[in-house]
Amino acid sequence: MPILVQAEPSAIALDPARTAVIVIDMQRDFLEPGGFGETLGNDVSLLAAAIAPCRMLLEAARAAGMLVIHTREGHRPDLSDAPPAKVGRGAPSRRIGDPGPMGRILIRGEPGHDIVPALVPLDGEPVIDKPGKGAFYATELEPMLRHRGIEALLLAGVTTEVCVHTTLREANDRGFRCLVMGDACASYFPEFHRAALAMVSAQGGIFGWVSDTTRLLAAMG
Ligand code: TIU
């Protein structure tokens, strides 16, 4: 049974059997002190606002039988998949691969790379490990969605204008209809969060639709 979710720029009909939720990079490296986000000079406490809405989204999606996918940004321990241009950029307090209080920064298998405890994936939910900002680049995400007949995506996670937006743009160009859950996303820059959401639904929905967990849960009954 399709559901009709109120959204900007218009309501969107979703078939739960053909819709996947993608929770993007809700990792300790971005949300907790001592990780990648903080090394870049950010106030990581700003991202905590997305945790409870992500949890509500996950619980609703699981109850509706939707496919739930989690992503994590990070690199191999030998950094062989990390572009030197990414590792060397800026003047962070610690670089990708350097030791930190949650293990090596942005490295797979380290404590900082884990998804935050409140949003731990359930057994059987795919976790996509990605080297880039977009979840389609150099990952198995697209065949995973195609094999299951997915045509619409509910996007949540961090940060709104970086990994959520990159994934949204990749997905939109591949023909997926994308609905961004605004309250389940967050940024280190509140003004970027607002602008990133506004640019999704502008121009008649140039990248897709924007809603929130309140309106999604109302639609799901
Ligand atoms: N720095 C920043 O805002 N974000 C990232 O580097 N990665 C994600 O957004 N996941």
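# A guided tour from strand 8 outward

Begin by selecting residues 152-158, which form strand 8; seven of its seven residues are buried, so this strand is largely enclosed by the rest of the structure. Please note that the model on display is predicted.

**Strand 8 and its two neighbours**

Colour the two faces of strand 8 separately. On one side are Ala 152, Leu 154, Ala 156 and Val 158, and on the other are Leu 153, Leu 155 and Gly 157; the residues of both faces are all buried.

Next, add residues 19-24, which make up strand 3. Strand 3 runs parallel to strand 8 and is joined to it by six bridges. To locate one point of this pairing, select Val 23, which stands opposite Ala 156 of strand 8.

Now display strand 9, residues 177-186. Strand 9 is likewise parallel to strand 8, with six bridges between the two. Here, Gly 157 has Cys 185 of strand 9 as its bridge partner. To follow the chain between these strands, trace it from strand 8 through helix 6 (residues 160-173) to strand 9; this β-α-β crossover is right-handed.

**Onward to strand 10**

Remain with strand 9 for a moment. Nine of its ten residues are buried, and the strand is thus described as mostly covered. Add residues 209-211, which form strand 10: three bridges join this strand to strand 9, and the two run parallel. Within this pairing, Met 181 has Ser 211 of strand 10 as its bridge partner. The chain passes from strand 9 through helix 7 (residues 190-205) to reach strand 10, in a β-α-β crossover that is right-handed.

**A residue of helix 6**

Return to helix 6 and select Val 164, which is found there. Is Val 164 buried or exposed? It counts as buried, because 32 C-beta neighbours lie inside 10 Å and the threshold for a buried residue is 20 or more. Residues up to four places away in sequence aside, Val 164 touches Ile 24, Leu 155, Gly 157, Thr 159, Val 180 and Cys 185. For a distance to check in the viewer, choose Val 164 and Ile 206: their C-alpha atoms are 15 Å apart in space, and the two residues are 42 apart in sequence.

**The nonpolar core**

Select Leu 57, Leu 155, Ala 156 and Val 180 together. These are the residues with the most contacts inside the largest nonpolar core, which has 60 residues. Strand 9 supplies the largest share of this core, namely seven residues. In soluble globular proteins, nonpolar side chains tend to be buried together.

Centre the view on Leu 57. Which residues is Leu 57 in contact with, leaving aside its neighbours within four places in sequence? They are Val 21, Leu 154, Ala 156, Met 181, Ala 184, Thr 213 and Leu 216.

**Around the ligand**

Display the ligand and the residues that surround it: Asp 25, Phe 30, Leu 40, Glu 73, Lys 133, Val 158, Thr 159, Val 162, Cys 163 and Tyr 188. This shell divides into six nonpolar residues, one polar residue and three charged residues.

Two members of the shell, Val 158 and Thr 159, deserve a second look at the backbone. The peptide bond from Val 158 to Thr 159 is cis, with omega near -15°. Thr 159 lies in the loop between strand 8 and helix 6.

Asp 25 is also part of the shell. Select it in the loop between strand 3 and helix 1 (28-31). Its phi is near 55°, a positive value in a residue other than glycine. Asp 25 is buried, as 26 other C-beta atoms lie within 10 Å.

**Two last stops on the backbone**

Most residues other than glycine have a negative phi, and most peptide bonds are trans. Two further places may be viewed with this in mind.

Select Ala 138, in the loop between strand 7 (127-130) and helix 5 (141-147). Ala 138 has a positive phi, near 60°, and is a residue other than glycine. With 12 other C-beta atoms within 10 Å, Ala 138 is exposed.

Finally, select Glu 8 and Pro 9. The peptide bond from Glu 8 to Pro 9 is cis, with omega near 5°. Pro 9 is found in the loop between strand 1 (3-5) and strand 2 (12-14).

Key
Residues are numbered from 1 along each chain as its sequence is written. This is a predicted model: local features need pLDDT of at least 70, side-chain atom pairs count only at pLDDT 80 or more; totals for chains, interfaces and linings use all residues. Helices (H or I, at least four residues) and strands (E, at least two) are DSSP runs, numbered from the N terminus. Two strands pair if DSSP finds at least two bridges between them. A crossover is right-handed if, with the strands pointing away from the viewer, the path from the first strand over the helix to the second runs clockwise. A residue is near a molecule or strand if its C-beta atom, placed from the backbone, lies within 6 Å of it. Ala, Val, Leu, Ile, Met, Phe, Trp, Tyr, Cys and Pro count as nonpolar, Asp, Glu, Lys and Arg as charged, and the others, Gly among them, as polar. Two residues are in contact if their C-beta atoms, placed from the backbone, lie within 7 Å. A nonpolar core is a set of buried Ala, Val, Leu, Ile, Met, Phe, Trp, Tyr and Cys residues joined through C-beta atoms within 7 Å.
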